[in-house]
Amino acid sequence: MRAQQFPHRRDPGPDRLLARIARTVSALWHFAYDAGMGLGAMGFGVLADRTGYSGAFVFAAALMLLASVPGWRDRNAKAVALTGGR
């Protein structure tokens, strides 16, 4: 009865609501990704200005190596779990 009283007000339904949420999440993801890329480039520029390109690239390489340690540990832990510790 309510839908007949107000035909211009439609329930968005779960599909439309999920599509709206997906668009919002996508926009937030793209904003965060672009902001991170911009801040990383600016940070590298400041570092390169203070240390020169060689120092900045060595620092960036060391940072990436440090960031890969948790992934390496997780990979080794999964290999041990799959083989049963053999």
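This is a short tour of a predicted model, going from the whole chain to a few residues worth selecting.

Start with the whole chain, shown as a cartoon. Two helices and zero strands make up its secondary structure. Switch to a surface view next: the chain exposes about 8,000 Å², and 67% of that area comes from carbon and sulfur atoms. Of the 86 residues, 2% count as buried.

Now select residues 13–83, which are helix α2. Leu18 is found in this helix. Is Leu18 buried or exposed? Its relative accessibility is 55%, and exposed means over 50%, so Leu18 counts as exposed.

Keep Leu18 selected and add Leu17, Ile21 and Val25. Together these four residues, Leu17, Leu18, Ile21 and Val25, make a nonpolar surface patch of about 370 Å². Colour the patch on the surface to see its outline.

For the last stop, show side chains as sticks and look at the aromatic rings. How many aromatic pairs does a search of the whole structure find? The search finds three. Select Phe44, Tyr53 and Phe57 to see one aromatic cluster, which these residues form.

Definitions and conventions:
Residues numbered from 1 in each chain as written. Predicted model: local features only at pLDDT ≥ 70, side-chain atom pairs only at ≥ 80, totals over all residues. Heavy atoms only, no water. Phe/Tyr/Trp six-rings, centres within 6.5 Å; stacked < 30°, edge-to-face > 60°. Patch = residues over 30% accessible without salt bridge, like charges linked within 9 Å, V, L, I, M, F, W, Y side chains within 5 Å. Areas by Shrake-Rupley, 256 points an atom, 1.4 Å probe, with all protein chains shown as cover. Salt bridge = Lys/Arg side-chain N within 4 Å of Asp/Glu carboxyl O. Helix = DSSP H or I, 4+ residues; strand = E, 2+ residues; numbered from the N terminus. Buried < 20%, exposed > 50% of the residue type's maximum accessible area, 1.4 Å probe, protein only.
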